[in-house]
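Here is a short report for a first look at this structure. Keep the sequence and the 3D view open while reading.

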Amino acid sequence: MPYSDLAARWAFLLAGLAIGESRISARGDHSAMIAALGALGATARQAPDSTWVINGRGIGALTEPDTVLDVGADGWLLAALAGLLASHPIFAVLTGAASLPAGMKAMLQLIGARVQQPASLGMPMAIAGARDALPIDIEVTETNLAVTALVAGLNARGTTRLAFTGTVLPPMIAHGITTLRGFGAEVSDTVEAGQRVILLRGQPDLRCVVRPALVIAVDGPAAAGKGTLARRLAAEFGLPYLDTGLLYRAVARLVFDAGGDPGDEDAATGAARRLRPEDTARSDLRGPPVDGAASQVGAYPAVRAALVDFQRQFARAKGGVLDGRDIGTVIFPDAPIKFFVTASPSARSRRRWLELQARGVAADLDQISADMRVRDANDAARAAAPMQAAADAILLDTTDLDADGAFEFAAEAVRARF
Ligand code: CDP
């Protein structure tokens with residue numbers, strides 16, 4: 001499944017520790033982690049759709065590397081590998097430009113490892129890991145030490161305990177906990193006396209993670225901010241984006257081009273069946289005549305039926321963020337995360353007016369407002385796939401939110417779920 005950058009790092013590591021095949025799609029450069037996992041006995045390859053396919057050997061089953069493990073400048077990778085090596089009875093040398101946090105050496109020794117490093121420099125560091133790793137119990141002052149403790153705790157006998165001052169976890173640890181749980185580790189997260197306390201049970205049977213590509217559905221009325229939000233979510237989570245409104249707009253445009261009437265169901269259906277992906281890239285799909293006509297053609301069940309496969313195929317291989325009116329209800333009713341974006345009618349009319357102004361199109365606010373009212377009523381009242389919030393959609397009212405605010409809210413909801 002697609003992971004945000006922070007979660008992806010945990011996912012690669014855990015996939016390398018789960019027995020069997022996991023599939024992960026993630027952006028970014030994970031080559032140092034993949035090289036290290038390879039040296040420790042896991043295999044990783046990239047499938048043609050660019051998903052990573054990782055085969056792990058299981059916690060406790062790492063092989064001793066016959067090369068030095070280079071972490072580059074990556075402090076997280078150093079912390080994670082140090083935890084991994086300290087908790088397995090193997091000998092390995094870590095090198096790289098990353099600096100060793102104060103207290104790391106002492107922590108590795110508490111786990112039961114023997115550590116050697118040049119007196120003044122952090123790296124290279126030679127680690128002879130523990131035969132029976134001991135669980136750690138610490139008050140966390142440095143996030144990377146918590147990473148080391150969590151990773152080592154996976155192969156420790158007993159329960160690792162981390163206490164964070166304050167009630168907010170560093171994002172790196174929050175993502176770690178969510179991802180650990182996704183792989184089947186037992187992690188509890190409670191607030192005790194003003195501290196956030198994490199307990200991790202050692203030696204779990206991690207399960208492989210093979211999940212279908214992530215689909216995020218974004219529905220809602222005209223000019224509620226769906227497009228901006230969907231585009232930013234797509235960029236954040238490395239997913240393709242499809243504005244499904246363009247399909248209906250292009251159908252309406254094809255009807256006009258052929259001298260037809262969008263109120264003619266047969267003409268609209270014929271256009272929907274002829275639609276090619278490049279038709280949605282035209283520059284004349286926005287503006288008053290097409291707005292209303294798109295809504296008209298979108299009311300015909302045969303038009304909608306002709307466009308279903310295109311939308312489902314779009315997200316089949318890599319997932320995607322799709323915005324429209326019926327994504328969460330009809331096109332992807334099983335999407336794991338759905339948003340229904342609304343805003344007050346006056347906020348929406350004003351946004352559309354500003355949008356047109358910015359494009360240099362003269363427009364009248366009252367007229368926009370009236371057109372939008374008609375279109376929303378038509379979209380909500382039609383029998384075929386009416387615009388409505390799916391029962392499991394997250395409602396997002398953007399009347400008083402700017403684009404950043406809406407994005408932050410939605411991105412957090414996606415992260416919290418995965
Ligand atoms: O950009 P705006 O929100 O104004 O509209 P759009 O998303 O481009 O959609 C234009 C019209 O296409 C809508 O009024 C709907 O009637 C129709 N549509 C639909 O029926 N189903 C979708 N999934 C997307 C759009």
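## Two domains

The domain assignment splits the protein chain into domain 1 (2-201) and domain 2 (215-417). Their centres, taken over C-alpha atoms, are 43 Å apart. The model is a predicted one.

## The chain as a whole

The protein chain holds 15 helices and 17 strands. Its C-alpha trace spans about 80 × 45 × 35 Å along the principal axes. Of the 418 residues, 45% are buried.

Contacts often reach far along the sequence. Take those between residues at least 6 apart in sequence: 71% of them join residues at least 24 apart.

## A four-strand sheet

One open sheet has four strands in the order 5-6-8-7. Its pairing is mixed. Strand 5 and strand 7 (114-116) are at the edges. Each has a single partner strand, so one side of each is left without a neighbour in the sheet.

Strand 5 (residues 69-70) runs parallel to strand 6, joined by two bridges. D70 has T95 in strand 6 as its bridge partner. At the other edge, strand 7 runs antiparallel to strand 8 (residues 125-128), and three bridges join them. There V115 stands opposite I127 of strand 8. Helix 3 (residues 75-86) packs on this sheet. The helix touches strand 5, strand 6 and strand 8, and its direction makes about 170° with that of strand 6.

## Two faces of strand 6

Which residues of strand 6 form the covered face, and which the uncovered one? In strand 6 (residues 91-95), A92 and L94 make up the covered face. F91, V93 and T95 make up the uncovered face. In a regular strand, side chains alternate between the two faces of the sheet.

## A five-strand sheet

A second open sheet has five strands, in the order 14-15-13-16-17. Here the pairing is parallel. Strand 14 (241-243) and strand 17 (394-397) are the edge strands. Each pairs with a single strand, so one side of each has no neighbour in the sheet. From one strand to the next, the twist averages 20°.

Look at the strand 17 edge. Strand 16 (residues 337-342) pairs with strand 17 in the parallel sense, over four bridges. Within this pair, F339 stands opposite I394 of strand 17.

## Around the ligand

Which of the 14 residues around the ligand come nearest? They are A222, G245, Y248, G298 and G324. Three elements give two or more residues to the shell: helix 8 (245-257), helix 10 (288-297) and helix 14 (365-381). Helix 8 gives the most, with three residues.

The shell is mixed in character. It divides into four nonpolar, five polar and five charged residues.

## A closer look at D5

D5 lies in helix 1 (residues 5-17). Is D5 buried, exposed or partly exposed? Its C-beta neighbours inside 10 Å number 14, so D5 counts as partly exposed. A residue needs 20 or more to be buried, and 12 or fewer to be exposed.

Leaving aside neighbours within four places in sequence, D5 is in contact with R27 and G28. D5 can also be set against R232, which is 227 residues away in sequence. In space, the two are 15 Å apart, C-alpha to C-alpha.

Terms used. Residues are numbered from 1 along each chain as its sequence is written. This is a predicted model: local features need pLDDT of at least 70, side-chain atom pairs count only at pLDDT 80 or more; totals for chains, interfaces and linings use all residues. Two strands pair if DSSP finds at least two bridges between them. Axes are lines fitted to C-alpha atoms, for helices over the stretch in contact, and angles run from 0 to 180 degrees between N-to-C directions. Domain bounds come from an automatic or database domain assignment. Two residues are in contact if their C-beta atoms, placed from the backbone, lie within 7 Å. A residue is near a molecule or strand if its C-beta atom, placed from the backbone, lies within 6 Å of it. Ala, Val, Leu, Ile, Met, Phe, Trp, Tyr, Cys and Pro count as nonpolar, Asp, Glu, Lys and Arg as charged, and the others, Gly among them, as polar.
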